[in-house]
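Hi there,

Here is the structure I promised to pass on. Have a look at it first, and my notes follow below.

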Amino acid sequence: ERGAASAFRTSARLGWRDAATQVYWLQTALAGGDLARAGTRFGAIARQWPEAPAIDQLSSQFEGDPRGQMLIAQQIADGVNWARTYAQPQPGQPLDRLTGRAKILISAAGLGGRLGCDAIAPMVVSLAQYRSALASTLWSSHCPRAAAPGMVNDASFELTAEAAGRTPYDWQFPGNGALLADVASTAAGQHALRASSTAAALVPLAMQRIVLAPGSYRLSWREAAGSPARASRIAASLSCRAERVLANPQYGLVEGGRGALDLALGGGCEAPLLQLWLSPGVGEVTIDDIALTRR
């Protein structure tokens, strides 16, 4: 042990370029309770080898301590070159590690270190099936186009092409052989969802996960319509599962160019699925400007 300490001390004087030397002094700092110095060593290793798997291995020694978590978050906020590597979920990563890392990344975003949509999307997807609310917060904290938890994301379909359904909190389009749907430009230079269906029954048109508490909600949207009130071909549902029999979609009414309906959410999941459905009929339906409010 004395010989190793002497060798690593000599190596340190020669410029800190040796990975084993950096790791040795990192472990020494941790053993001595000097978390700040250990964080400096970790940052030095990660800067030299930003794509190295060791970043995941070494960072775990900081993630269990609030002070260590803040050290990593601050380094990410300072713009380190290994931040994107740190944000990637690892194969077989336990849920507690994934959860802890997500919280550090949220803290980093709060300090100004937003990594962007592409960098954070893989971790959001990995986390969404287990910790939906946390995944949604992670997504909105790092992705500029993401809506805050509890809000409809891309309510007017302006960013649908860019988003490309990367996460459950973006618009997803399940598709159906009898359904034609696309996001089209309007005369005003904006976008809207345009669809037609030859199916014999109600078919899902678009969906996204939204973090919501149980309760009653009013869903509304803009839809081309004549002046009299009429039943809409658009139905909607809020449910934990996507299947129609479990989702129980409800039809809306259109009046003055705006459709609306009331939905009840009984709970059972952190981020229920908002689904838009289209019934059979002649011609296209065009909708945008979707809003969901608590009643």
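Let me start with a loop residue: at 14% relative accessibility, Asp154 counts as buried, because the cut-off for buried is under 20%. Please keep in mind throughout that this is a predicted model. Asp154 lies in the loop between α9 (132-142) and α10 (160-163). Its backbone caught my eye too: although Asp154 is not a glycine, its phi is positive, at about 50 degrees.

Phe157 is found in that loop between α9 and α10 as well. Phe157 also has a positive phi, of about 60 degrees, and is not a glycine either. With a relative accessibility of 1%, Phe157 counts as buried.

One more loop residue is worth a look. Ser279 sits in the loop between β8 (273-278) and β9, and is buried, its relative accessible area being 7%. What does Ser279 touch, leaving aside its neighbours within four places in sequence? The residues in contact with Ser279 are Ser197, Leu202, Arg233 and Tyr251.

Now for the sheet. Nine strands make up an open sheet with antiparallel pairing, and their order is β1-β2-β9-β4-β7-β6-β5-β8-β3. The edges are taken by β1 (179-185) and β3 (203-209); each has a single partner strand, so one side of each is left without a neighbour in the sheet. From one strand to the next, the twist averages 30 degrees.

If you want to check the register, here are some pairs to start from. At the β1 edge, seven bridges link β1 to β2 (residues 191-197) in the antiparallel sense, and Val183 stands opposite Leu193 in β2. Further along the order, β4 (residues 215-223) pairs with β7 (residues 258-265) over eight bridges, again antiparallel. There, Ser220 has Ala260 of β7 as its bridge partner. β4 also runs antiparallel to β9 (residues 285-294), to which six bridges join it. In that pairing, the bridge partner of Arg218 is Thr293 in β9.

On to the helices. Helix α2 (residues 19-31) is 13 residues long, and from its first C-alpha to its last it reaches 18 Å, close to the 18 Å expected at 1.5 Å a residue. Which residues of α2 are buried? They are Thr21, Gln22, Trp25, Leu26 and Ala29. Viewed down the axis of α2, these buried residues fall within an arc of 135 degrees, so they line one face of the helix. The elements covering them include α1 (2-13), α3 (35-48) and α4 (54-63). After α2 comes Gly33, which has a positive phi near 75 degrees.

α4 also packs against another helix, α7 (residues 95-110): the angle is about 75 degrees and the axes are 11 Å apart. That makes α4 roughly perpendicular to α7, because angles of 65 to 115 degrees are counted that way. On the α4 side, the contact is made by Asp56, Ser59, Ser60 and Glu63. On the α7 side, Arg97, Arg101 and Ile104 make the contact.

If you open the model yourself, I would begin with Asp154 and Phe157 in the loop between α9 and α10, then move on to the sheet.

Happy to talk it through whenever suits you.

Best wishes

Technical notes. Residues numbered from 1 in each chain as written. Predicted model: local features only at pLDDT ≥ 70, side-chain atom pairs only at ≥ 80, totals over all residues. Heavy atoms only, no water. Pairing = 2+ DSSP bridges. Helix = DSSP H or I, 4+ residues; strand = E, 2+ residues; numbered from the N terminus. Axes fitted to C-alpha atoms, helices over the stretch in contact; angles between N-to-C directions. Expected span 1.5 Å × (residues − 1). Buried < 20%, exposed > 50% of the residue type's maximum accessible area, 1.4 Å probe, protein only. Arc of directions from axis to C-beta. Contact = heavy atoms within 4.5 Å. Parallel < 35°, antiparallel > 145°, perpendicular 65-115°, else oblique.
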